[in-house]
Each structure stands twice: as C-alpha cells, then as structure tokens.
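Take a moment to turn the model around on your screen. When you are ready, let us walk through it together.

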Amino acid sequence: MVKETILVVEDEKNIVELVKYNLEQEGYRVLTASKGDIGLDLARKQKPALILLDLMLPEIDGIEICKILKQDDQTSAIPIVMLTAKSQEADKVLGLELGADDYITKPFSPRELVARVKAVLRRAHEKPKAKILKVGQLELDVDKHLVTLKGKGVDLTSKEYDLLKTLLEAHGRVLSREILLDQVWGYDQSINIETRTVDMHIGQLRKKLKAESERIITVKNTGYRFEDGT
Ligand code: CA
C-alpha cells in the first residue's frame, strides 16, 4: 500500500518531532513546515492526505492558512486537523467553521494524535465530496453548476449560487455573516462589503427557492443556517 503523506505545519520543534516520529511509526510519510507560507506551498505541491495545522504560527496564523486552503480548489478537499491550546476555544470554533475537520488540544498524547488522524482519514476515504447536494425538492449539481427545484431549473446569480452552495455544504451548521462574506465574496473583497449585503442576497435566494425557502433559517445576531432535515 502506498504510504499516505501528512503535512505538519507547526513552529514548535518538540511537537514537530513528537508528531513526526509517531506518525512515521504508523507508516505515514511526514512533511513538516515551520511557517505558514511554506506549509501552503507544500500543501499545493505535494497534495498531502491530511494536514495537521497549528493555530499559533509566526507571520500567517493557522486560521488564515485554514481559510486559504479551504478556498483554494487545489487544496480544499484536504482534511485539516487543527492543533490548539486550551486557551484558544474561540479560534477552535472559528477553525471548524472555516472547514477544519477536527482539532486536537495541546498537550496531547501520541496515541490520541494517531487515533484522530486515522479517524479523519477514514472519514475522508469513506465519503468523497458529494457532487450533488440534495435537500428536499432542491438539488444543487456542483459539476454542472446547476440548481433545480422539483426538477425545474432555478435561475440564480453567481453569488446566490455560491451562497446556497456554502449553506448546503455546512449541513445545517450556523454560518455567521462574516464567514459567508469570506466564503462567497472572498477574503480580499469581503473587507469592503457590509454584512447587510449577505442579508440582501439571502432575501433574493429565499424568493427563488419558493417552497424550500423556509429551510434558510435566520439565527439571531449570528447568521444563517440551512435546515437539511426532512
Ligand atoms: Ca505554535
């Protein structure tokens, strides 16, 4: 069996050594980066099976790297496990919102680390990213960039489409307006756009989704979620 590659982005030497040693014992090939930009470069070039990403890094922090990786088509499918300290609860939540698959709190045991890595990889192998997102009478075909309601095409603008896709991919999780701005409008642009813009587009989307519009739920003072239960 081909050894899977794991990329470790972490600046603390002891942790890198501990992680590298234990993962290599399990048969993985381990690449390491002590800085975010090097990590990003390796992620793009080497396409690792999984990335262990430390939150606190010099220059670009883990949250930023997670965001960049998840927005880049080349790297968005690579599972990310965040390494966090106990004091970073809020960042941990943000990391998960941004698409990290799991997190490990420092200090952790090698056994815990290996178990988490294996679990995330197992999950990643089990379900290849769904190309069609289906909820109730609504279908979004990612490859065809097509949305249908009861089998009939729904005419969406590209932002409405991206917004719907982002909501569907969250599988019922709440997404804040800021996260939606980041993911739909992109990090660079979102700085200059008001969060109200999200509300406007949600309004348009609701109109177009007709019978399924009630699935878009406003979460007070936070953002939106898409109810995907039946
Ligand atoms: Ca660190």
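Here is a short tour of a metal site and a few special spots in the backbone.

Keep in mind that this is a predicted model. Let us begin with the calcium ion. Its donors are Glu 10 (OE), Asp 11 (OD), Glu 12 (OE), Asp 54 (OD) and Met 56 (O), at 2.1 to 3.1 Å. Along the chain, these donors of the calcium ion follow the spacing E-D-E-x41-D-x1-M. Asp 11 sits in the loop between strand 1 (5–9) and helix 1 (13–25), while Met 56 sits in the loop between strand 3 (50–54) and helix 3 (62–71), so the pair ties together parts that are 45 residues apart in sequence.

Are these two residues buried or exposed? Asp 11 is partly exposed, with a relative accessible area of 33%. Met 56 has 55% relative accessibility and therefore counts as exposed, since the cut-off for exposed is over 50%.

Next, the backbone. The peptide bond that runs from Lys 106 to Pro 107 is cis, with omega near -5 degrees. You will find Pro 107 in the loop between strand 5 (102–106) and helix 5 (110–126).

Two histidines deserve a look as well. Neither His 145 nor His 171 is a glycine, yet each has a positive phi.

| Residue | Phi | Loop between | Relative accessibility |
|---|---|---|---|
| His 145 | about 60 degrees | strand 7 (138–141) and strand 8 (146–149) | 48%, partly exposed |
| His 171 | about 50 degrees | helix 6 (158–169) and strand 10 (175–176) | 53%, exposed |

Notes. Residues are numbered from 1 along each chain as its sequence is written. This is a predicted model: local features need pLDDT of at least 70, side-chain atom pairs count only at pLDDT 80 or more; totals for chains, interfaces and linings use all residues. Side-chain values use heavy atoms; hydrogens and water are left out. Donors are N, O and S atoms within 2.8 Å of the metal (3.2 Å for Na, K and Ca); water is not among the atoms, so sites may look incomplete. Helices (H or I, at least four residues) and strands (E, at least two) are DSSP runs, numbered from the N terminus. Buried means under 20% relative accessible area, exposed over 50%, partly exposed in between (1.4 Å probe, protein chains only).
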